[in-house]
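Colleague: Hello! I would like to learn how the words used for a structure follow from its values. Could you take me through some of them?

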Amino acid sequence: MNLLLGLIKTLNKPPHSFTDTELSNARSEYLTELRQARDSSKEEEQRIIEKEEEEDEEKTNGEEKKNEGGRPTVTIAIAGSIINNTQSLELATRLAGQIARASTIFRIDEIVVFDNKSSSEINSSSVTNPSDSNNESGAPFLVRILKYLETPQYLRKTLFPKHNYLRFVGMLPPLDAPHHLRKHEWEQYREGVTLREKAPNSEGTLVDVGLDKCVVVDQVLSPGVRVTVAMGTNRDLDLVRQIVPPSKPREEGGMYWGYKVRYASHLSSVFKECPFEGGYDYLIGTSEHGLKISSSELKIPTFRHLLIAFGGLAGLEESVEEDNQYKGKNVREAFNIYLNTCPHQGSRTIRTEEAMFISLQYFQEPISRAIGGGEA
Ligand SMILES: C[S@@+](CC[C@H](N)C(=O)[O-])C[C@H]1O[C@@H](n2cnc3c(N)ncnc32)[C@H](O)[C@@H]1O
């Protein structure tokens, strides 16, 4: 459809008068556009990924790697293949924006974007390095847009150099999360980025926290690292501040402080590479073929790290079938429970992004009951 609309605009002709060649050219043009977006700035993207890894490492000094004894977390896993079926880079960007909005609205802690790589590909660099241009899947694209949108606006220029993938992000509605603070707003915590400039009269590091003046933190860190700074209530910007783990605003202040994003080469590695101590302790799969239980009757056991999975066009069933780790297992064996969260659907298919909104609303009450009325 969008292909046709694009052609109408470009050729200024009614749709019925397009020749097969014109249609085929339009398709190739779109595919080339996507490929170019993937291939260009390869080195630049590699640099960003390395910087992000370094940043994640330094950010918390290892404090946050395992969430030990902290509050319960909710992770969503989503098939990156949903991007492959979009008709243009602009629509792919909009779709990623919807996933980011749903995750923020429902206070999701972690998003895992899973690919469907075969075992031979898994051993190749295209999987360990999602920026590899041989990697034709939409998963790395989705990862990048989700990370970009979660980052406060004032840090994006520093943390995300120009990239083709980001061409249409400007048109997306903002997430407007509590850590996306404006210049005039004062909050107990602020996200910041460490600067190269030396802090005056101090051993510490200068950090841009999106205020008129940069603040000094008492740790020595390399430049370009995203950090969470405790701002307290004293508005004197000359005070030396402290860096805290990014989980602190939520754990201590109950403020939603954004989601983390992770890439997984296939469904089973979503679980295997879990960053939380002890792994995910309750796994929910979603599908129109799942069990029909009303939200008020659904019992989710008390959990520390809950995971809810959403499939692509062919559902989680295909993700399990294509994953060697499951070796002929049924999709129901991959999860603790397999659920239909919209039993009376009027459309033959519910799209993944729609299912996310429907399901996350459906799970609100059961999750709240499982954690004893608190917030996950
Ligand atoms: C296009 S659907 C895939 C259709 C597939 N037959 C299925 O298993 O639902 C994409 C994803 O949306 C979610 N979904 C679609 N319909 C759903 C429903 N009624 N209940 C729960 N999730 C649903 C599932 O995560 C599914 O993998």
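Modeller: Happily! Let us begin with a definition: helices and strands here are DSSP runs, numbered from the N terminus, and a strand needs at least two residues. Please keep in mind that this is a predicted model.

Colleague: Which strand gives the most to the shell around the ligand?

Modeller: That is β9, with five residues. Besides β9 (282-292), the helices α11 (315-321) and α12 (352-370) each supply at least two residues of that shell.

Colleague: How many residues surround the ligand, and which are the closest?

Modeller: There are 21 of them, and the closest are Thr286, Ser287, Gly311, Gly315 and Ala355. Sorted by class, the shell holds twelve polar, six nonpolar and three charged residues. Gly counts as polar in this sorting.

Colleague: Why is Ile367 called buried?

Modeller: Set the value against the cut-off: a residue is buried if 20 or more other C-beta atoms lie within 10 Å of its own. Ile367 has 21 C-beta neighbours inside 10 Å, so Ile367 counts as buried. You will find Ile367 in helix α12. Its C-alpha is 8.7 Å from that of Pro301, although 66 residues separate Ile367 and Pro301 in sequence.

Colleague: What makes strand β1 "mostly covered"?

Modeller: Seven of the seven residues of β1 (73-79) are buried. The two faces can be listed apart: Thr73, Thr75, Ala77 and Ala79 lie on one side, Val74, Ile76 and Ile78 on the other, and all are buried. The lists skip every second residue because side chains alternate between the two faces of the sheet in a regular strand.

Colleague: How do you know that β1 and β10 pair?

Modeller: Two strands pair if DSSP finds at least two bridges between them. Six bridges join β1 to β10 (residues 305-310), in the parallel sense, so by that cut-off they pair. Within β10, Leu307 is the bridge partner of Thr75, and Phe310 stands opposite Ile78.

Colleague: Which other strand is joined to β1, and by how many bridges?

Modeller: Strand β2 (residues 110-114) runs parallel to β1, with five bridges between them. There, Ile78 has Val113 as its bridge partner. Between the two strands the chain passes through helix α4 (residues 89-105), making a right-handed β-α-β crossover.

Colleague: And what about β10, are its faces covered or open?

Modeller: Both faces are covered: His305, Leu307 and Ala309 on one side, and Leu306, Ile308 and Phe310 on the other, are all buried. That is six of six residues. β10 also pairs with β9, parallel, over four bridges, and Leu283 has Leu307 as its bridge partner in β10.

Colleague: What makes the span of helix α7 close to the expected one?

Modeller: The expected span is 1.5 Å times one less than the number of residues. For the twelve residues of α7 (139-150) that gives 16 Å, and the helix reaches 17 Å from its first C-alpha to its last, which is close.

Colleague: How many residues of α7 are buried, and what covers them?

Modeller: Twelve of its twelve residues are buried, among them Phe141, Arg144 and Glu150. The cover includes α4, β2, α8 (153-159) and β8 (260-264).

Definitions and conventions
Residues are numbered from 1 along each chain as its sequence is written. This is a predicted model: local features need pLDDT of at least 70, side-chain atom pairs count only at pLDDT 80 or more; totals for chains, interfaces and linings use all residues. A residue is near a molecule or strand if its C-beta atom, placed from the backbone, lies within 6 Å of it. A crossover is right-handed if, with the strands pointing away from the viewer, the path from the first strand over the helix to the second runs clockwise. Two residues are in contact if their C-beta atoms, placed from the backbone, lie within 7 Å.
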